[in-house]
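The following note is offered for your consideration. Please read the numbered points alongside the sequence and the coordinates.

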Amino acid sequence: MTFDTVIHGGTIVTADGQFKGDLGIKDGRIAAVAETLDGGEERIDAGGRLVMPGGIEAHAHIAQESSSGVMTADDYLSGSISAAFGGNSSFIPFAAQQRGQSVDDVIKTYDARGVRSVIDYSYHLIISDPTEKVLTDELPRAFARGITSFKVFMTYDLMNLGDGGMLDILEVARHHGAITMVHAENNDMVKWMNKRLAGNGLTAPKYHAISRPQLAEEEAINRAIQLAKLVDAPLFIVHVSTEAGAEIVRREKFKGAKLFAETCPQYLALTRDDLDREGMEGAKYICSPPLRGADTQELLWHHIAQGTFESVSSDHAPYRFDETGKFLNGANAPYPKISNGMPGIAARLPYLFSEGVVKGRITPEQFVALSSTNAAKTFGCTTKGRIAPGMDADIAIWNPEVTRTVVAADQHDNMDYTPFEGMELTGVPEVVMNRGRTIVAHGALKAEEGQGRFFGRAPVDLRGKPGYQAPEFDPAQNFGTVLR
Ligand code: URP
Ligand code: ZN
Ligand code: ZN
C-alpha cells in the first residue's frame, strides 16, 4: 500500500494502551498501524514522541453571543487556530438560540460563522426557548442533520428553562437518541445571594464566588439527574466544579444512570483567591460556576483519575479584559454585570498533560480518553477520537519533555490575557493534524482558513448504562396507566 504520510518510530498511545509503531495515512484517513511501515510521500520522524488522537474540544463558546448579547472575542478562525495550537484536531462549540429565535435560524447563523474554521467542527445547540414548534419540528430536523446534543441552563433568568421545560427537552432528546447537557446551578439560590450581597454593598469581583455557593451546584446537579431519570434520558453535566457535585455523579453512575460529566482545568489550576486580585484584575477569573477553594482541586483530580468524568474540557468563553468583553457594562461594574467566562482552549491539553500525566496523576492512556476518545463516544463522533484503520487521521504528536511557560501571546487566540499566565507546563503538541493535513508544526500554523469541515454526529453511545425505569411509567405497577 502507498501512503501519503507515514508517522514513523513514535509511541502510539490510545485509550487502551501504548506501543512503539508506525502509522500510515492515505486520503485523510488512518490506513495502517504497524510495527514498521515503508514508504510515504512524507515521512514524519516521531522518535521520542507520543502519537495520540488529536484532541476533541467538547465545550467551547466560539462566535457566540451570551444571553445578555456580548459576543465572544474568538470567531471560528481565531478559536480554531487557538484550539489547533493546543493539540486539538476538532471541536464542538455551541450554537445558541436566543429567546424568540427559531432553531433553523440558529443553525443557519452558525453555519455562516463555522466556515472559517481550520479544524473540523460540529455544534451543540443551546436551547433557551423550547416552544412546541422547537420540540416537535425543529429539534428533530437538527438531529437529522447530526446535531445530537444540546445544552440547557438551570440558571441565568434569560436561559433558565425551569424543571418542566427541562423535562420536555430531556424527553424529546431521548426519543431521538440525543444527549442533553446541563449547566447546573440553582438560580434562586444565586439570585438570593446576589440580593444579600448587593444589599451590603459587596459587589467586587471576589463576591462572585460567594454569590454562587457550592450548594447551588450540588442541589442542581442532583435535581438534573433526578429529572433525567424520570424520563430515562441521557444527561451530561458540564463544568462540574465541586467535590459534592462530582460525588453525586460518581454515585449515580455506579447505579447505572445514563450519565456523563466533565470538569475543566480552571477548577484544577485556579482558586477563588484569584478573584481577589488587585483592583478589577479579579474580573479575569469570573466564570460560572465560580472558582472554588484550593481543597477542591485535589479532590477533583481524584475524581478524574477514578473515572467520574468522561472529559476535561476548556469551557473556553473568551471575553477580553476591556469594554468589548468583561467591562461592557463599565470599568467598575458590579460582579453580576461582568461578562462570565475565561479563555483556555489552547491551554486545556498542555495543562492536563503536564499536571496530569507528567505529575503522575493520570496515565497517558487516561489522557487520551479524557482529551479525545470519550468525547467522541459521548457525542457520536464516529470517525474521530481513536487511532485505528479507517478513522480520520486526526493526530497530535507530543513532545513529552519540553517545558514552556504559558504566555497570552502563545495562546493564538483573540484575547488579551490568559488565566494560566506564568504556569510552567511540560509537554507540547509539536505537530497537529486534521484529516491527514498538518495544521500546526513546531509552533507554526500550516492551515488555511476554512479547511475545517462540519461533521454530523451519531446518537450517544449508551452501552454499559442501563438507565433507570421509573415504576410510575410501568403499566404493571401503575394500575395499567400508559404514560408514553
Ligand atoms: O462562565 C462561563 N462558563 N461562561 C460561559 C457560559 C457557560 O455557562 O458555560
Ligand atoms: Zn455553562
Ligand atoms: Zn460553557
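How many cavities of 30 Å³ or more does the count come to? The points below begin there, and then turn to the metal site and to one strand residue.

1. The structure is a predicted model. With the rule applied here, the count is 2 cavities of 30 Å³ or more. As general background, rolling a probe the size of a water molecule over the atoms shows where empty space is left.

2. The largest cavity holds about 70 Å³ of space. Its lining consists of I225, A228, K229, D232, A233, L235, A257, K258, L259, G467 and Y468. Helix α7 (residues 214–230) supplies the largest share of that lining, with 3 residues. By residue class, the lining of the largest cavity comprises 7 nonpolar, 1 polar and 3 charged residues.

3. For the second largest cavity, the volume is about 40 Å³. The residues that line the second largest cavity are S82, H316, P343, G344, I345, A346, Q411, D413, Y417 and T418. Here the division is 4 nonpolar, 5 polar and 1 charged.

4. The zinc ion (ligand 2) has three named protein donors, K151 through NZ, H183 through ND1 and H239 through NE2, at 2.1 to 2.2 Å from the ion. Along the sequence, the donor residues of this zinc ion follow the spacing K-x31-H-x55-H. The pair K151 and H239 links distant parts of the chain, 88 residues apart: K151 lies in strand β10 (residues 149–153), while H239 lies in the loop between β12 (235–237) and α8 (243–254). A separation of 3.8 Å is found between the zinc ion (ligand 2) and the zinc ion (ligand 3).

5. Are the donors K151 and H239 buried or exposed? K151 has a relative accessible area of 1% and is therefore classed as buried, the criterion being a value under 20%. H239 is likewise buried, with a relative accessible area of 1%.

6. A444 belongs to strand β18 (residues 444–445). With a relative accessible area of 29%, A444 is partly exposed. Once its neighbours within four places in sequence are set aside, A444 is in contact with F85 and I439. F85 is 359 residues away from A444 along the chain, yet 8.6 Å separates the C-alpha atoms of A444 and F85.

Key: Residues are numbered from 1 along each chain as its sequence is written. Chains are lettered from A and ligands numbered from 1 in the order in which they are written. This is a predicted model: local features need pLDDT of at least 70, side-chain atom pairs count only at pLDDT 80 or more; totals for chains, interfaces and linings use all residues. Side-chain values use heavy atoms; hydrogens and water are left out. Donors are N, O and S atoms within 2.8 Å of the metal (3.2 Å for Na, K and Ca); water is not among the atoms, so sites may look incomplete. Helices (H or I, at least four residues) and strands (E, at least two) are DSSP runs, numbered from the N terminus. Buried means under 20% relative accessible area, exposed over 50%, partly exposed in between (1.4 Å probe, protein chains only). Contact means heavy atoms within 4.5 Å. On a 1 Å grid over the protein atoms alone, a cavity is a set of points where a 1.4 Å probe fits but cannot get out, and a pocket is an open set with protein on both sides within 12 Å along at least five of seven lines; lining residues have an atom within 4 Å of a point. Grid points are joined across faces, edges and corners, and a volume is the space filled by probe spheres set on the points. Ala, Val, Leu, Ile, Met, Phe, Trp, Tyr, Cys and Pro count as nonpolar, Asp, Glu, Lys and Arg as charged, and the others, Gly among them, as polar.
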